[in-house]
Number of protein chains: 4
Amino acid sequence: MFIGEKKIARPFRWGIVGGGRTSGVGYKHRLGAMRDNTSFELKAAAFDLDFARCVDFGKNLNMDEERLYPDYKTMFAEEAKREDGIEAVDIATPNFQHFEVCKAALEAGLHVICEKPLFFKVEEGEEIKALAEKMGKIVCVTYGFSGFDLLSQMRSMIQNGDIGEVTMVDLRYAHGFACDPTGDKQAEGQKWRVDPAKSGPSFVLGDLSTHTFYMSELVCPQLKLKQLLCDRQSFIKSRAPLEDNAYVLMRYENGAVGRMWASAVNAGDMSSQHIRIVGTKASLEWNDMHPDELYYEVQGKPRQTLVRAMDYLNPEALEYERLGALHYTGLIDSWSNLYTRFAIAMDAKNRGDEETLNSLVYPDLEHGIDGIRWVLKCVESADKGGVWVDFK
Amino acid sequence: MFIGEKKIARPFRWGIVGGGRTSGVGYKHRLGAMRDNTSFELKAAAFDLDFARCVDFGKNLNMDEERLYPDYKTMFAEEAKREDGIEAVDIATPNFQHFEVCKAALEAGLHVICEKPLFFKVEEGEEIKALAEKMGKIVCVTYGFSGFDLLSQMRSMIQNGDIGEVTMVDLRYAHGFACDPTGDKQAEGQKWRVDPAKSGPSFVLGDLSTHTFYMSELVCPQLKLKQLLCDRQSFIKSRAPLEDNAYVLMRYENGAVGRMWASAVNAGDMSSQHIRIVGTKASLEWNDMHPDELYYEVQGKPRQTLVRAMDYLNPEALEYERLGALHYTGLIDSWSNLYTRFAIAMDAKNRGDEETLNSLVYPDLEHGIDGIRWVLKCVESADKGGVWVDFK
Amino acid sequence: MFIGEKKIARPFRWGIVGGGRTSGVGYKHRLGAMRDNTSFELKAAAFDLDFARCVDFGKNLNMDEERLYPDYKTMFAEEAKREDGIEAVDIATPNFQHFEVCKAALEAGLHVICEKPLFFKVEEGEEIKALAEKMGKIVCVTYGFSGFDLLSQMRSMIQNGDIGEVTMVDLRYAHGFACDPTGDKQAEGQKWRVDPAKSGPSFVLGDLSTHTFYMSELVCPQLKLKQLLCDRQSFIKSRAPLEDNAYVLMRYENGAVGRMWASAVNAGDMSSQHIRIVGTKASLEWNDMHPDELYYEVQGKPRQTLVRAMDYLNPEALEYERLGALHYTGLIDSWSNLYTRFAIAMDAKNRGDEETLNSLVYPDLEHGIDGIRWVLKCVESADKGGVWVDFK
Amino acid sequence: MFIGEKKIARPFRWGIVGGGRTSGVGYKHRLGAMRDNTSFELKAAAFDLDFARCVDFGKNLNMDEERLYPDYKTMFAEEAKREDGIEAVDIATPNFQHFEVCKAALEAGLHVICEKPLFFKVEEGEEIKALAEKMGKIVCVTYGFSGFDLLSQMRSMIQNGDIGEVTMVDLRYAHGFACDPTGDKQAEGQKWRVDPAKSGPSFVLGDLSTHTFYMSELVCPQLKLKQLLCDRQSFIKSRAPLEDNAYVLMRYENGAVGRMWASAVNAGDMSSQHIRIVGTKASLEWNDMHPDELYYEVQGKPRQTLVRAMDYLNPEALEYERLGALHYTGLIDSWSNLYTRFAIAMDAKNRGDEETLNSLVYPDLEHGIDGIRWVLKCVESADKGGVWVDFK
Ligand SMILES: NC(=O)c1ccc[n+]([C@@H]2O[C@H](COP(=O)([O-])OP(=O)(O)OC[C@H]3O[C@@H](n4cnc5c(N)ncnc54)[C@H](O)[C@@H]3O)[C@@H](O)[C@H]2O)c1
Ligand SMILES: NC(=O)c1ccc[n+]([C@@H]2O[C@H](COP(=O)([O-])OP(=O)(O)OC[C@H]3O[C@@H](n4cnc5c(N)ncnc54)[C@H](O)[C@@H]3O)[C@@H](O)[C@H]2O)c1
Ligand SMILES: NC(=O)c1ccc[n+]([C@@H]2O[C@H](COP(=O)([O-])OP(=O)(O)OC[C@H]3O[C@@H](n4cnc5c(N)ncnc54)[C@H](O)[C@@H]3O)[C@@H](O)[C@H]2O)c1
Ligand SMILES: NC(=O)c1ccc[n+]([C@@H]2O[C@H](COP(=O)([O-])OP(=O)(O)OC[C@H]3O[C@@H](n4cnc5c(N)ncnc54)[C@H](O)[C@@H]3O)[C@@H](O)[C@H]2O)c1
């Protein structure tokens, strides 16, 4: 059981770029990072393009006004001068700025936690990788749904052979919140998402399916994607070339196959993210609307519903258990689990503790780069008319 | 409300080929046809390859022993001689015999109810079509899951524009009952299914997905399939070239897209058949495990669960209502609805009542031929490596 | 597997009193009885108070017009004269006529299938019992929801100790279809239900909870009810003294306890009938909206969902299996199972086969009398202000 | 939307009694209180009976060692001496100490947040009430499940008449985690719960049903409980006179009725807490396993599933919305909502802002006293043999 006791000597001093008052994702970062006050402490921020709003917001969080900055460059420069300057930074801006901010952050000697989709090009990922190695820092990626205990259970059951050999990977992140195009013009957080200059070469593939693709990497680390084929659509025509819906078929090295459905025009669907792993003798299925239930279906046997926090789970699924059985968790519990691991990873990196770094399961730079590649390959396939392309 | 009162002047005298004691599907035909004793009366049968078993079985159904036949040819010949000979016949043999029996039946002047997948070639379908027209008979296809009241509701809601324009068709018939290959060698009803000579060019595409493909035609009659792409696998290697799993992507004339997952190796899944139709403003979803519930999801509104037999349904969904609200139905209720319509169609054909024939909604020869085409096109696409092929 | 082959030498010639065109329950009897045409054949009927409607209806069922009667007395008298007269009769009239028709039927030498609630007084039950014994006939009661395969599974699992010792019985038949009082005045089938002269001393206790109470007897035959306490309400005031809602608490001989909720004003609820049996180590739960699923919950283990027709079920749950796995059943399948057993019981009685009679599980006269007692004791308790009363 | 911005000028300095490393509930308090660091800051603690463990634990939370105390008396005394001493305290000890600690805390001039069941006697509640008034402090009660957004929705819909007049209140907190008596002797957190000296006059009535009873007060504030009747059992005999299972029937002033099922021996059940409010035209149902879904069932209309954070909800249900649609919450989100309101209430009390105090919806001292009365009346009824007793 994990009840907030410190896992590292002292919390990291931590800053944030973006994630201001009006942002979609900022609060999730703060809730995830600051849950226990033993992993991170929020010390500085460049919350917003609008500096006045940044200051007002930071003051309302009881932050030190002088550490609220107009932009990330100033923040990195000023914090570097302080003895108690930040040691890690969060990047929660729209996609197109991830790369430049990440680069600047590493150059400023900071560990980085970056939003997905990481960058626009694999080459950018490689450049950051080299830089991070040089600076001795790590880059974490906030695939925020991936910290649920039962995903750890899924991973360990698959590893233990509980479903036989994996044959299929069925993925879905398909909601309907962009059915209506009004938001494309009017909603802050939607406008940039349908602008290729800011969002990158895709809309829903990058915005949504990178999460679920990582989830498949998390639970089936042994699977290697060989080829994929994507058909993408812009049901709201003004969004073209960016897609608001995409179907992907996958083929893995070992003969397994898979599917992904990414959509923002799947009208009315509220249980957005699903993952089903089929094996030669059983399947496992999970969805993020009921994240504390995992369905284990052995062919020819009654379906079992595994529930979070129960003794019958594997140790991996109980390591971050905080609340006890019958006490159900939500998205923020997932983020907290991730942030705790981010802190452990940073600390291990600082201490040169490779063993911890290598055994810790969290979304790291490699997974972020896989996400870039995933988007690019899907777009390539779709733009060629929906043909099979090699993944690597 | 429909409570079994006759819809035609007198029940058809009806025979069956196949569907004997050990068969998988025979009882469903009898239950569907004989529910009310006002549509069909079972008078003759060539139930089985094993004649002794046929006789024993027929006697146990209290049938007239002299009308139990060793084979369909004898049956057609002998029955034709009787004043009270059969007027319609059911074909419930393995796939490879559908064509020859159907042809013989029509030549014998019988209406036909035939199992799916109808035949192996589109040309066979066309030949039968010409023959049926010449003989003034009809051919019905037992897409047995398609008679549920809430599928009629789905069809009428889509027609009424309740979901906006259709954008996506998500189909699934994916169970796991062939995960274990033992049955391929040992189970009567499985052996021929994995033998291309008897099953045709596919296993699950023909055996399963033809049902769900018809369902999509039923609820979205306006949609025209333009292109499809199929990737198929034989996870149990000995089944190759027949697939035990297949993924299909679809593109429709109007820009809508779709997916199908057909599988007999989706380990542990018990809610086999799903259909979700997405529109520009809402979606409808149904599955055959809970066939009396229809989910209506308008984007931005609470999900609604429509339930069979309730007053708020459209007239189309209440026409075959038999039991009243709170009384839930099962597969056989679906079959009964279909068989009642088959009888009405045959009767209309006999009477030359084109109006009835044209307005009646049931799986007819055209739908059967579409099913043949569906299988062939999927196989063609898959065998070319998973490429887009035109549907017509 | 049971696929309609005869279980008795020839079907019983069978008649019906009530259950006409406008009746709520008539079609269920016919569907249940005539499913296979190997148990019962409908030969005669006094369907209706309105004789013209009776005749019209019977003709539409292709019945012999001369065997359609104006009333049950005429039917019993005329049929008795025929060589091929009916051997069994169904009583599907409103409650207040059950006793007199049942008595007359037995006196006419017929086996009886009678609707619930059986009669108004326990003494009437005893009188009928003596008469039935004298005449060598049996009386079956149509607790029509009790024929589902998974209730047999529940019974056998409890018998096998799979849940430990039974500690609790939680019962519920609570819908909302009488929220609106309009039907009390306007709907044929509702009017008599709220008239004590026709319905008896209760409304929902008799109309609904007798079903679920029998279900508890079916799955826990070993439990003996010792005391009960009932609080009943007439939320629609004009219904008083008849209740439209009732809560009952139960105490069993062995220390187990239970609850029943009967209601016709549980607004909006569509999954009317639930039964949960709790034991010292596990529970079983079932509801009639999803009758092919049974939840087995062992404390400290994942919940299991057992599904109809699967090999892992006990033989008792597979004895009436007709359709194969993945093919889901509905209410009429339950009725058919019951009617098949009724036929077997009648046949055994005729043959003096006590062994079959004693081992066959079906709702018989004793269960019908228990239902009368249940209603009377609940009413007694409620009318005394909600106090504990002894059950026997 | 609420994203952690301060609602009060500065966070309260806050301490805790109990809730140490091994405790069941301690972490929930800290997570609830410290979510945003804008409502409370944990400054002092007497976490544990075992002082060494208290110190070790506090240090692991990065607390100031000198403010970790061996007992609450020392803590109150020492903190009172400090300029920056605590202003509020949490009582998370076993039940029997709530009263004395609460009294001491108020006397020390602290606001109090106290665990349920509040105390053992109504008189104790009255005494505390007088004391709190005298000291100008407030007492909050951690009915921790009551902070979910959709309970606010339920309350406002009922208030708006969306279900008509309330007729029934169906409550349930019934799990199976005490099926096995081993824990009674071996588990710290279970031992005192079955000891009347420490737990009070009841086990599950106090431990579980007080939560759900408060929930009914929360969503139906207008209902006044008039009479109740309770039957309680000790299925594990050694627990007597404390019950591990109880059934309660309720009668309200306005003619509405209700039921409660409290149990720790409801083997295998994982969806412990349910509340269904039935009205004359519709019902609302909620359970704590899927707390972001609310079922709204209008008789004669399709069931609606309302989901947290959607625009169609009432303002009351969106006031504490933090995450956006599709992002599901868990128990800790409920606790955080409560703790934010506790802080607002304390602040309002300090400022003499009666308007805020009166309009704020949170579990206060009166609700705590109602919980005491609920338990005592249930016990009284049960001990008299299960008879009706007046509630007030
Ligand atoms: N991991 C997740 O679950 C998740 C969820 C939502 C969004 N995201 C990702 O988070 C990122 C932000 O998305 P969002 O929905 O919060 O967007 P948003 O448009 O709602 O908010 C963006 C915020 O960043 C600020 N900002 C923009 N440029 C800035 C700059 N140069 N310096 C400082 N602040 C700047 C804006 O003022 C705004 O507050 C995107 O990359 C998105 O893909 C991830
Ligand atoms: N509509 C549905 O839902 C559904 C369900 C199952 C099967 N089917 C279809 O029904 C057909 C039969 O499938 P099944 O599962 O019952 O197969 P099966 O192997 O279980 O049974 C086939 C039966 O046909 C008999 N038979 C074979 N050749 C015959 C002949 N020449 N004359 C007389 N009898 C003959 C066999 O003796 C056997 O009784 C197939 O086309 C299948 O695709 C449809
Ligand atoms: N087992 C079940 O699931 C179930 C379901 C519904 C009703 N019931 C029971 O069935 C009985 C009938 O209920 P219903 O809902 O069908 O009632 P209903 O009012 O809808 O129908 C009663 C029918 O009986 C006919 N009838 C009345 N008196 C008659 C007489 N003396 N002779 C011949 N016909 C007569 C009426 O004309 C009418 O057709 C009741 O006892 C009821 O409790 C049982
Ligand atoms: N609101 C909820 O959802 C909820 C949930 C669980 C428990 N509770 C309540 O919380 C209280 C504690 O329950 P628990 O399950 O945590 O019990 P527990 O036995 O698990 O823990 C009790 C803790 O209190 C400490 N303690 C005992 N006496 C103390 C004292 N005098 N001074 C300081 N520390 C002391 C113990 O050392 C232990 O750490 C009970 O009143 C219980 O009813 C409420």
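## A walk around four chains

Start by selecting His211(D) and ligand 4: a polar side-chain atom of His211(D) lies 3.4 Å from an oxygen atom of ligand 4. Keep in mind on this tour that the model is predicted.

**Stop 1: ligand 4, chain D**

With ligand 4 still on screen, add Gly24(D), which has a backbone N or O atom 2.9 Å from an oxygen atom of the ligand. Next pick Thr142(D), where a backbone N or O atom sits 2.8 Å from a nitrogen atom of ligand 4. Switch on a surface if you like: the protein covers 92% of the 830 Å² of accessible area that ligand 4 has on its own. To see which elements give two or more residues to this shell, colour strand 1 (12–18) and helix 10 (204–219) of chain D.

Now show the whole surrounding shell of ligand 4. There are 28 residues in it, and Asn95(D), Gln97(D), Glu115(D), Thr142(D) and Trp192(D) come nearest. Coloured by class, the shell splits into ten nonpolar, 13 polar and five charged residues.

Where does ligand 4 lie with respect to domain 1 and domain 2 of chain D? Colour domain 1 (12–145 + 341–363) and domain 2 (148–323 + 369–390) separately; both give residues to the shell, so ligand 4 lies between them.

**Stop 2: ligand 1, chain A**

Move to ligand 1 and select its side-chain partners one by one. Asp48(A) places a polar side-chain atom 2.9 Å from an oxygen atom of ligand 1. The side chain of Gln97(A) has an N or O atom 2.5 Å from a nitrogen atom of the ligand. Arg193(A) brings a side-chain N or O atom to 3.0 Å from an oxygen atom of ligand 1. Here the protein covers 92% of the 840 Å² of accessible area that ligand 1 has on its own.

Widen the selection to the 28 residues that surround ligand 1; the closest are Asn95(A), Gln97(A), Glu115(A), Thr142(A) and Trp192(A). Domain 1 (12–145 + 342–364) and domain 2 (148–323 + 369–390) of chain A each provide at least three residues of this shell.

**Stop 3: ligand 2, chain B**

Which residues come nearest to ligand 2? Of the 27 around it, they are Asn95(B), Gln97(B), Glu115(B), Thr142(B) and Trp192(B). Zoom in on Asn95(B), with a polar side-chain atom 2.7 Å from an oxygen atom of ligand 2. Then turn to Thr142(B), whose polar backbone atom is 2.8 Å from a nitrogen atom of the ligand. The cover over ligand 2 comes to 91% of the 840 Å² of accessible area that it has on its own. Colour the two domains of chain B, domain 1 (12–145 + 342–364) and domain 2 (149–324 + 369–390): both give residues to the shell, so ligand 2 lies between them.

**Stop 4: three strands in chain C**

Finish in chain C by selecting strand 12 (residues 293–298). Five of its six residues are buried, so strand 12 is largely enclosed by the rest of the structure.

On one side, show strand 11 (residues 282–287) of chain C, which pairs with strand 12 in the antiparallel sense over four bridges. A hairpin of five residues joins strand 11 to strand 12. Look for Glu285(C), standing opposite Tyr295(C).

Now add strand 13 (residues 303–307) of chain C, again antiparallel to strand 12 and paired with it over four bridges. In strand 13, Thr305(C) is the bridge partner of Tyr295(C). Last, select Gly300(C) in the hairpin of strands 12 and 13, which has four residues between the strands: Gly300(C) takes a positive phi near 85°.

Terms used: Residues are numbered from 1 along each chain as its sequence is written. Chains are lettered from A and ligands numbered from 1 in the order in which they are written. This is a predicted model: local features need pLDDT of at least 70, side-chain atom pairs count only at pLDDT 80 or more; totals for chains, interfaces and linings use all residues. Side-chain values use heavy atoms; hydrogens and water are left out. A residue is near a molecule or strand if one of its heavy atoms lies within 4 Å of it. A polar contact is a pair of N or O atoms within 3.5 Å; within protein, one must be able to donate a hydrogen and the other to accept it, and residues adjacent in sequence count only if both atoms are side-chain atoms. Accessible areas come from the Shrake-Rupley method with a 1.4 Å probe; for residues, only the protein chains shown count as cover. Ala, Val, Leu, Ile, Met, Phe, Trp, Tyr, Cys and Pro count as nonpolar, Asp, Glu, Lys and Arg as charged, and the others, Gly among them, as polar. Domain bounds come from an automatic or database domain assignment. Buried means under 20% relative accessible area, exposed over 50%, partly exposed in between (1.4 Å probe, protein chains only). Two strands pair if DSSP finds at least two bridges between them.
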